[in-house]
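Hello,

Here is the structure I said I would pass on. Please have a look at it first, then read the notes below.

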Amino acid sequence: MLGLDRLKRGRGPVMVRTVAATVLVVLASSVHSMNKIRGRAAGELDGAGAGTLTPTDQVLLARHLLEASLMGYSLFLALVIDRLHNYIREVRGLKRNLEAASKLNKRLDEAKLLGSSDESKTYQKDIASLNEEIKKMKRQLKEKANEAKDAEAKALAAQKQSEGLMIEYNHLVEDNKHLHDQLESADLTVSRSDGKKNT
């Protein structure tokens with residue numbers, strides 16, 4: 001909380017917006033690259049009338065898809081964290097107001113016991129209005145706490161999904177390396193057989 005409070009002061013918001021804009025531009029670039037690869041596949045129809053992707057295009061498409069997903073989830077997670085921070089600040093303010101109203105209510109109760117009947121009527125009115133205000137604040141506090149819990153649950157779900165995408169991304173990188181090694185070994189085999197034919 002203190003870190004987020006400090007981040008939202010001074011130049012922090014400008015830096016956060018700059019980073020978010022940069023991530024958004026890279027996200028748009030990944031989506032554009034995916035569309036180019038799909039368009040290229042649609043342009044190269046085979047005899048059966050269906051577009052095919054080469055293995056390299058498949059790996060590139062999967063990589064761009066995972067990058068776009070990770071960046072999108074990161075932006076969504078940052079937005080949820082920002083909203084959660086605002087809810088927590090509002091809840092703190094409501095708690096402070098509730099404590100101040102409770103203290104004032106206690107003082108009025110004490111004054112009621114010590115004061116005269118005319119004063120007690122005015123104090124009773126004040127107490128009744130303060131009790132209504134306390135109930136209202138408790139309702140607001142409960143609503144904000146529920147909103148904060150919902151936002152926290154969404155943030156945890158997005159974080160788990162992001163971790164799953166990161167694992168899948170690592171698997172695709174390993175598959176890409178494996179395919180690349182297979183292509184290199186196939187190229188070496190072809191070049192050796194061509195060399196033997198020439199001799």
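**What the model shows**

The chain has 4 helices and 0 strands. Its elements run α-α-α-α from the N terminus on. Please keep in mind that this is a predicted model.

Some totals to begin with. The chain has 199 residues, and 20% of them count as buried. The accessible surface is about 14600 Å². Carbon and sulfur atoms make up 57% of that surface. Now take the contacts in the chain with a separation of 6 or more: 74% of them join residues 24 or more positions apart.

**Cores**

Which residues form the largest nonpolar core? There are 7: V91, L94, L98, A101, I134, M137 and L141. Two helices, α3 (55–114) and α4 (117–198), each supply at least two residues of this core. The most comes from α3, which gives 4 residues. Look at V91 in particular. Leaving aside residues up to four places away in sequence, V91 touches L141, K144 and A145.

Another core lies apart from the largest one. This other core has 6 residues, including L27, I37, L61 and A68.

**Salt bridges**

Side chains of opposite charge can pair when their charged atoms come close. A search of the whole structure gives 4 salt bridges. Three are worth a look here.

Start with E90 and K144. Their side chains meet in a salt bridge at 2.7 Å, N to O. E90 sits in helix α3 and K144 in helix α4, so this pair ties together parts that are 54 residues apart in sequence. Both ends are partly exposed: E90 has a relative accessible area of 36%, and K144 is at 22% relative accessibility.

K144 also meets E147 in a salt bridge, at 3.9 Å, N to O. How many residues apart are K144 and E147 in helix α4? They are 3 residues apart, which means a separation of about one helical turn. E147 counts as partly exposed, at 31% relative accessibility.

Put these together, and E90, K144 and E147 are linked in a network of salt bridges. K144 appears in the contacts of V91 as well.

The next pair is R83 and D82. Their side chains meet in a salt bridge at 3.6 Å, N to O. Is R83 buried or partly exposed? R83 is partly exposed, with a relative accessible area of 38%. D82 is partly exposed too, with a relative accessible area of 26%.

**Cavity**

The search of the whole structure finds 1 cavity of 30 Å³ or more. The volume of the largest cavity is about 50 Å³. Which residues line the largest cavity? They are V59, R63, L66, Y169, L172, V173 and N176. As with the largest core, the helices involved are α3 and α4: each supplies at least two residues of the core, and each supplies at least two residues of the cavity lining. The biggest contributor to the lining is α4, with 4 residues. For the core, α3 gives the most.

**Where to look**

To find your way around, begin with V91 and its contact with L141. Then go to the salt bridge between E90 and K144. From K144, follow the network on to E147. Finish at the largest cavity, where Y169 and V59 are among the lining residues.

Best wishes

Terms used
Residues numbered from 1 in each chain as written. Predicted model: local features only at pLDDT ≥ 70, side-chain atom pairs only at ≥ 80, totals over all residues. Heavy atoms only, no water. Buried < 20%, exposed > 50% of the residue type's maximum accessible area, 1.4 Å probe, protein only. Contact = heavy atoms within 4.5 Å. Areas by Shrake-Rupley, 256 points an atom, 1.4 Å probe, with all protein chains shown as cover. Core = buried A, V, L, I, M, F, W, Y, C linked by side-chain atoms within 4.5 Å. 1 Å grid on protein atoms, 1.4 Å probe; cavity = no way out; pocket = protein on both sides within 12 Å on 5 of 7 lines; lining within 4 Å. Points joined across faces, edges and corners; volume = space filled by probe spheres on them.
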